[in-house]
Amino acid sequence: MLFSSSIFLFLFLPLVLFLYYLPLRGWREGQNLFLLLASLAFYAWGEPWFVLVMMASILINYAFGLWTARNKRTGKSLFPPIALAVAVNLSVLFVFKYLMFTLGILNSLGASLTLPIIRLPIGISFFTFQALSYVLDVARGRGEVQRSPLKVGLYISFFPQLIAGPIVKYETVAQQIDCRKESWADVSSGCVRFLTGLGKKVLIANQMAVVADRAFGMEAGSLSASFAWLGSLCYTMQIYYDFSGYSDMAIGLGRMFGFHFLENFRYPYRSRSITEFWRRWHISLSTWFRDYVYFPLGGSRVDAPWKHLRNLFAVWLLTGIWHGANWTFIAWGLLYFLLLVLEKYAHVGRGWPAALQWLYTFSMVNFAWVLFRAGSLGAAGRYLRSMLGLGGGGDQGLTLLYLRENWLVLLAAVLFAVPTAQWVRERAEQRPSLALDLGYAAVVLLLFAVAASSIVKGTYNPFIYFNF
């Protein structure tokens, strides 16, 4: 079930809110059980069989959490439960996400293995990492073990962040499962945040996707340099508004039920270094790898540069692999490893004028998205050659046609990729008035009306990160 679908907007969400706040108001155990059942139903709507995989993940990690807590209490080694939890969770992820890819590699090396057809459960990378976070945070003392499997189930399966994040670490919400406090202010701000994300997804990302899909779907010989650049820039905007829009909706939905998730995006395209970009982009994933992989390996506080390089390499190789079973994702992760090494050891960008730092960072991110979007390394190479004018020409008029049709949305994408809305809001808060409040409410309602109209018409609507 998509957040940007009629069934979610006009049936599922209103019904869940109604039952949560009226019949179940003041009964925390009942509310938690209801949210768990609603979350399982939300996932089963599109994945009726794979919901069993998630339920198995809940029960297995509930048991690992109890084992870990018992060993802590009795002074026994934490290595057995932690090692087995990591092995089991990653094995499940491997079978569903990477087995076919691995067997294909072996066949290309001369093996004759049968390739099974394995469907990928939506969001398996997200809920697997959350399940691991539960066990690891119990081991680190960052959250109390849950004696009830239902509460572990609610944490892992909570529908706002279930299938496309943000990845919520257990330590962030451990206390909120039982002790959260709902308020009208949270519900109100959550609704606004949700509608903001809906607008970003439906009104900007979906329109940018039309241009990007056309450009990336063309043969290299028919793709002009100008249209290749336009397509790459539109995809750069599409993936930001698609994913950050989903994160906004997830954060807003969580707030409606009293949960406060951490931010997942902070205007990443304003960054002036690759390091800064990854402090602003998909923050929940980068902090997950930082806390559970990079720091345990020693981070940057190691006694030799090669160890720091090893730690960076491990994190970025895993980041690439996490995104999918394709050489393009591995190359994408290793490209960021190379860029960070150049930044940290060759001091690329240091001392440059601010405008040049931003241009370099944005250009590298844009090139990396081409690699991320392409279906293969060969396709990525051909697309990049077209961007450099080495692809054999193409119709320049196509660029003007798509610019004419989409310039307004592209302008909005550029304006809201920086803190334009935040600047306007801060200025408005300095001069509060009824007229401004009414105007703000009218803009939000108009945003919802236009987005809902587009959804009802059934235009392009999938979320990019559902694939991961």
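**Chatting through a predicted model**

Tutor: Let's start with a cysteine: Cys 179 counts as exposed in this predicted model, because its relative accessibility is 53%.

Student: And what about Cys 234, buried or exposed?

Tutor: Cys 234 is buried, at 2% relative accessibility.

Student: How many disulfides turn up in the whole structure?

Tutor: The search finds 0 disulfides. As a reminder, a disulfide is a covalent bond between the sulfur atoms of two cysteines.

Student: OK, new topic. How do α3 and α5 pack?

Tutor: Helix α3, residues 51-74, packs against helix α5, residues 124-140, at an angle of about 10 degrees, and their axes are 8 Å apart. The angle is under 35 degrees, so α3 is roughly parallel to α5.

Student: Which residues meet there?

Tutor: From α3, they include Met 54, Tyr 62, Phe 64 and Lys 72. On the α5 side you'll find, among them, Phe 127, Leu 132, Val 135 and Arg 140. The residues of this contact divide into 11 nonpolar, 4 polar and 2 charged.

Student: What about α6, how many of its residues are buried?

Tutor: Helix α6 covers residues 149-157, and 7 of its 9 residues are buried, which leaves the helix mostly covered. The buried ones are Lys 151, Val 152, Gly 153, Leu 154, Tyr 155, Ile 156 and Ser 157.

Student: What covers them?

Tutor: The cover includes α3 and α5 again, along with α2 (28-46), α7 (170-173) and α8 (176-179).

Student: Let's go to the largest nonpolar core. How many residues does it have?

Tutor: It has 133 residues, and those with the most contacts inside it are Phe 8, Phe 159, Tyr 269, Trp 281, Tyr 336 and Trp 369. Helix α10, residues 225-256, gives the most to this core, with 16 residues.

Student: Pick Tyr 269. What does it touch?

Tutor: Leaving out residues up to four places away in sequence, Tyr 269 touches several residues, including Met 237, Tyr 240, Phe 277, Trp 281, Trp 358 and Trp 369.

Student: One last residue, Tyr 294. Where is it?

Tutor: Tyr 294 is in helix α12, residues 283-297. With a relative accessible area of 14%, Tyr 294 is buried, because the cut-off for that is under 20%.

Student: And which residues does Tyr 294 touch?

Tutor: Skipping residues up to four places away in sequence, Tyr 294 touches Phe 289, Gly 299, Ser 300, His 308, Asn 311, Leu 312 and Val 315.

Student: How far apart are Tyr 294 and Phe 313?

Tutor: They are 19 residues apart in sequence, and 9.8 Å apart in space from C-alpha to C-alpha.

Terms used
Residues numbered from 1 in each chain as written. Predicted model: local features only at pLDDT ≥ 70, side-chain atom pairs only at ≥ 80, totals over all residues. Heavy atoms only, no water. Axes fitted to C-alpha atoms, helices over the stretch in contact; angles between N-to-C directions. Helix = DSSP H or I, 4+ residues; strand = E, 2+ residues; numbered from the N terminus. Parallel < 35°, antiparallel > 145°, perpendicular 65-115°, else oblique. Contact = heavy atoms within 4.5 Å. Nonpolar A, V, L, I, M, F, W, Y, C, P; charged D, E, K, R; others polar. Core = buried A, V, L, I, M, F, W, Y, C linked by side-chain atoms within 4.5 Å. Buried < 20%, exposed > 50% of the residue type's maximum accessible area, 1.4 Å probe, protein only. Disulfide = S-S within 2.5 Å.
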